[in-house]
2 protein chains.
Amino acid sequence: MISCDDKKVDIKSESEKLMQLSRDWSLTAATGNVDSIISYWADDAVILTPGAPPIRGISSIRDYVAGAVNTPGFKISWVPLSADVSESGDMGYIFEENEVTMNDSSGKPSTTYNKGITIWKKQSDGNWKNVVDAWNARPAPEK
Amino acid sequence: MISCDDKKVDIKSESEKLMQLSRDWSLTAATGNVDSIISYWADDAVILTPGAPPIRGISSIRDYVAGAVNTPGFKISWVPLSADVSESGDMGYIFEENEVTMNDSSGKPSTTYNKGITIWKKQSDGNWKNVVDAWNARPAPEK
C-alpha cells in the first residue's frame, strides 16, 4: 500500500534550496544580463517596489529590470536571512536584505538599504520561481 | 483504503477564508483595541515597515501597535485584493492595499497609501495567523 507519507516533503532541504536560489540570483543580478535575471520570476510574478504601482507579469518585469540595469552606476546585491516552506513543498518564502547603488544627480554612487520578503512557488517542472517580490527601506548598517 | 485525496485541501475555500480574515482584521483595526488587533498575528510574526528594522515577535508588535493607535489622528484600513494558498493548506498569502491617516505637524489629517503582502500560516488549532506583514508606498488613488 502506498501511504501519504511517501509524498512527505523535506522542508529543511527545500528551504535550503530557496536560500541557495536567492544567493545564485544575487550573483546573476550582478551580471546585468536581463534574460538571466528575469528567469527567476514566474510568468505571473508581482513586484511591489516602493512608491509605485505593482509591477505585474514577466513582460512588465523585463522592462523594469532593463531600466534598472541601464541606470548609471546601478548595482544590486542581496542575502537571504531565513526561509520557510509549506508542508506540501509547493510554496515558500525568504526574508532578505539588499543594497542598491545608483549614481546621484552629481554622478556620485549613492547606496540605499532595504529589507524584503520574496514568495516562491514550485512550478510543474519542479523548479522554484519567485511569485512575489516586495521590499522597503531599512536603516543603513553601521560601518 | 484511505487515499491521500481524503486530505485534499479546498484551496479556493481557504483563500476565501484568508480574504475574509483580512476584512475582519481591518474592521478590528478601526476599534483601536490593541489586544484584539494583535490577536491576528502569530507569536513569531515579523512586520516589515518602511524605514525601520524588522519588528519581530508579538511583544514588539504589541508595542508597535500601541504606539500607532495612540498617535494623534491615527486611522488605518485595508482591503484584500487576492489570496493564494499552498496545496497543503498550511501557508498562504494575500495582496492588500491600505491607507493610513495621521495628523501632520499642524494637526491636520494626512493620508498615505500603501500596497502590501501578508503571509499566513495555519496554526495547530486550525486558525490562520499572520506571520509576515510587509508594505510600501503606492501612488495616491485619483479622486
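In the predicted model, chain A can be laid on chain B with an RMSD of 0.0 Å by a turn of 180 degrees combined with a shift of 0.0 Å along the axis. The two copies are therefore related as by a two-fold rotation axis. The same surface serves both copies, since 100% of the contact residues of chain A recur in chain B.

The interface between the copies involves 23 residues of chain A in contact with 23 residues of chain B. On the side of chain A that touches chain B, at least two residues each are supplied by strand 4 (91-103), strand 5 (109-122) and strand 6 (128-137) of chain A. Strand 6 of chain A gives the most to this side, with 4 residues. Classified by residue type, the side of chain A that touches chain B comprises 14 nonpolar, 4 polar and 5 charged residues.

The secondary structure of chain A amounts to 3 helices and 6 strands. Read from the N terminus, the elements of chain A follow the succession α-α-β-β-α-β-β-β-β. Along the principal axes, the C-alpha atoms of chain A fill a box of roughly 70 × 35 × 25 Å. Of the 143 residues in chain A, 31% are buried. Among the contacts in chain A with a separation of 6 or more, 50% are accounted for by residues 24 or more positions apart.

The strand arrangement is described here for chain B. An open sheet of 6 strands in chain B has the order 2-1-6-5-4-3, with mixed pairing. Its edges are formed by strand 2 (55-56) and strand 3 (75-85) of chain B, each of which pairs on one side only. At one edge, strand 1 (residues 41-48) of chain B pairs with strand 2 of chain B in the antiparallel sense over 2 bridges. Within this pair, Ile55(B) in strand 2 of chain B is the bridge partner of Ile47(B).

At the other edge, strand 3 of chain B runs antiparallel to strand 4 of chain B, and 10 bridges join the two. Glu96(B), in strand 4 of chain B, is the bridge partner of Pro80(B). The hairpin of strand 3 and strand 4 of chain B has 5 residues between the strands, and Gly89(B) takes a positive phi near 70 degrees there.

Further into the strand order, strand 4 and strand 5 of chain B pair in the antiparallel sense over 13 bridges. In this pair Ile94(B) stands opposite Thr118(B), which belongs to strand 5 of chain B. The hairpin that they form has 5 residues between the strands, with Gly107(B) at a positive phi near 85 degrees. Strand 5 and strand 6 of chain B are likewise paired in the antiparallel sense, over 9 bridges, and Lys121(B) stands opposite Lys129(B) in strand 6 of chain B. In the hairpin of strand 5 and strand 6 of chain B, again with 5 residues between the strands, Gly126(B) takes a positive phi near 90 degrees.

In chain A, Gly107(A) lies in the loop between strand 4 and strand 5. Gly107(A) counts as exposed because it has 8 C-beta neighbours inside 10 Å, where the limit for an exposed residue is 12 or fewer. Gly107(A) and Pro72(A), although 35 residues apart in sequence, are 8.1 Å apart in space, C-alpha to C-alpha.

Two helices of chain B lie across strands of the sheet. Helix 1 (residues 11-31) of chain B lies across strand 3, strand 4 (91-103), strand 5 (109-122) and strand 6 (128-137) of chain B, and runs at about 175 degrees to strand 3 of chain B. Helix 3 (residues 58-69) of chain B lies across strand 1 and strand 2 of chain B, at about 60 degrees to strand 1 of chain B.

The largest nonpolar core contains 52 residues. Those with the most contacts inside it are Tyr93(A), Ile117(A) and Ile119(A) from chain A, together with Tyr93(B), Ile117(B), Ile119(B) and Val132(B) from chain B. Leaving aside residues up to four places away in sequence, Val132(B) touches Tyr93(A) and Ile117(A) of chain A as well as Ala45(B), Val46(B), Thr118(B) and Ile119(B) of chain B.

Terms used
Residues numbered from 1 in each chain as written. Chains lettered and ligands numbered in written order. Predicted model: local features only at pLDDT ≥ 70, side-chain atom pairs only at ≥ 80, totals over all residues. Pairing = 2+ DSSP bridges. Contact = placed C-beta atoms within 7 Å. Axes fitted to C-alpha atoms, helices over the stretch in contact; angles between N-to-C directions. Least-squares fit on C-alpha atoms with pLDDT ≥ 70 in both. Nonpolar A, V, L, I, M, F, W, Y, C, P; charged D, E, K, R; others polar. Buried ≥ 20, exposed ≤ 12 C-beta atoms within 10 Å, placed from the backbone. Core = buried A, V, L, I, M, F, W, Y, C linked by C-beta atoms within 7 Å.
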